[in-house]
Amino acid sequence: MDEGVLLKLVSFGDELVKGEAAPYFLAETLGYEFCDLAEDDVCNQQIFRSVLNYIIDAKDVFVLIGWTHSKRIEMDWKGKKFTYRPDEKDYVDNGLNGLHRYDHVLFDDLLIGQHWASEVYTLQQSLEFHKIKYYMYNTQDKIYFHQKTMRNLKALNNRQYHNPINLQSSMLHFLKKEGYEHINQEAHKRWSEFLHDKIVAGAL
């Protein structure tokens with residue numbers, strides 16, 4: 001961490017890390033200004049684009065990225081953008097509900113894993129090119145490991161991305177393993193402590 005430079009911690013992610021959540025407590029511990037750019041029901045495509053757009057002119061920031069569940073994709077239906085999910089069975093438009101018959105195609109683990117790993121690699125290269133400090137983690141899922149994703153996964157900077165192919169290393173599963181049945185304030189504080197230790201240990 002830089003001594004004498006007051007950074008702003010900018011947090012991207014889903015509903016699990018929005019508001020007074022782990023990133024908020026992490027910024028408090030680090031003594032950083034906090035900027036919450038996490039969104040409800042967001043997908044990884046949207047997180048990727050939001051971070052990429054943000055860092056173009058960013059200075060003196062620490063970017064924290066919580067990748068969400070892979071079974072969410074961005075869609076545009078009749079002029080309305082939204083996140084489509086296989087676990088949402090009650091869309092207002094029956095045309096959307098009918099898409100569920102193709103969920104096995106839309107949410108193919110291998111294709112999603114390849115896309116996700118490519119987005120992470122592109123984002124890491126962009127952040128490092130702009131000399132922006134960052135750390136990544138998964139909120140509730142893992143990147144699918146396969147021979148066809150292995151090359152991209154090996155190219156990732158894992159010092160700044162916590163164990164992306166292990167489901168138990170995601171925030172939600174880590175906290176459940178720690179005994180938190182509900183993701184309450186104490187659970188968020190515990191995850192913020194964990195992130196703090198990883199960031200300090202990596203001298204980021």
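The largest pocket of this predicted model is lined by 13 residues, of which Gln45, Ser70, Ile73, Ile112 and His115 lie nearest its centre. A pocket here is found on a 1 Å grid over the protein atoms alone, as an open set of points where a 1.4 Å probe fits, with protein on both sides within 12 Å along at least five of seven lines, and its lining residues have an atom within 4 Å of a point. The volume of the largest pocket is about 220 Å³, a volume being the space filled by probe spheres set on the points. Two or more lining residues each come from helix 2 (44–55), strand 4 (73–77), helix 4 (103–106) and helix 5 (109–129), and helix 5 gives the largest share, five residues.

Because the model is predicted, local features need pLDDT of at least 70 and side-chain atom pairs count only at pLDDT 80 or more, while totals for chains, interfaces and linings use all residues. Residues are numbered from 1 along each chain as its sequence is written, and side-chain values use heavy atoms, with hydrogens and water left out.

Helix 8 (residues 185–201) has 17 residues and reaches 24 Å from its first C-alpha to its last, close to the 24 Å expected at 1.5 Å a residue. Helices (H or I, at least four residues) and strands (E, at least two) are DSSP runs, numbered from the N terminus. The buried residues of helix 8 (buried meaning under 20% relative accessible area, with a 1.4 Å probe and protein chains only) are Ala187, His188, Trp191, Ser192, Phe194, Leu195 and Ile199. Seen down the axis of helix 8, these residues fall within an arc of 160°, so they line one face of the helix. Among the elements that cover them are helix 1 (22–30), strand 3 (61–67), strand 6 (133–138) and helix 7 (171–177).

At the start of helix 8, a side-chain oxygen of asparagine 184 comes to within 3.2 Å of the backbone nitrogen of glutamate 186, and after the helix comes alanine 203, whose phi is positive, near 50°.

Two buried residues, one in helix 8 and one in helix 5, can be set side by side.

| Residue | Place | Relative accessible area |
|---|---|---|
| Isoleucine 199 | helix 8 | 0% |
| Serine 126 | helix 5 | 18% |

The C-alpha atoms of isoleucine 199 and proline 23 are separated by 12 Å, although these residues are 176 residues apart along the chain. Serine 126, leaving aside its neighbours within four places in sequence, is in contact (heavy atoms within 4.5 Å) with Leu52 and Ile55.

Terms used. The expected span of a helix is 1.5 Å times one less than its number of residues. Buried means under 20% relative accessible area, exposed over 50%, partly exposed in between (1.4 Å probe, protein chains only). The arc is that of the directions from the helix axis to the C-beta atoms. A polar contact is a pair of N or O atoms within 3.5 Å; within protein, one must be able to donate a hydrogen and the other to accept it, and residues adjacent in sequence count only if both atoms are side-chain atoms.
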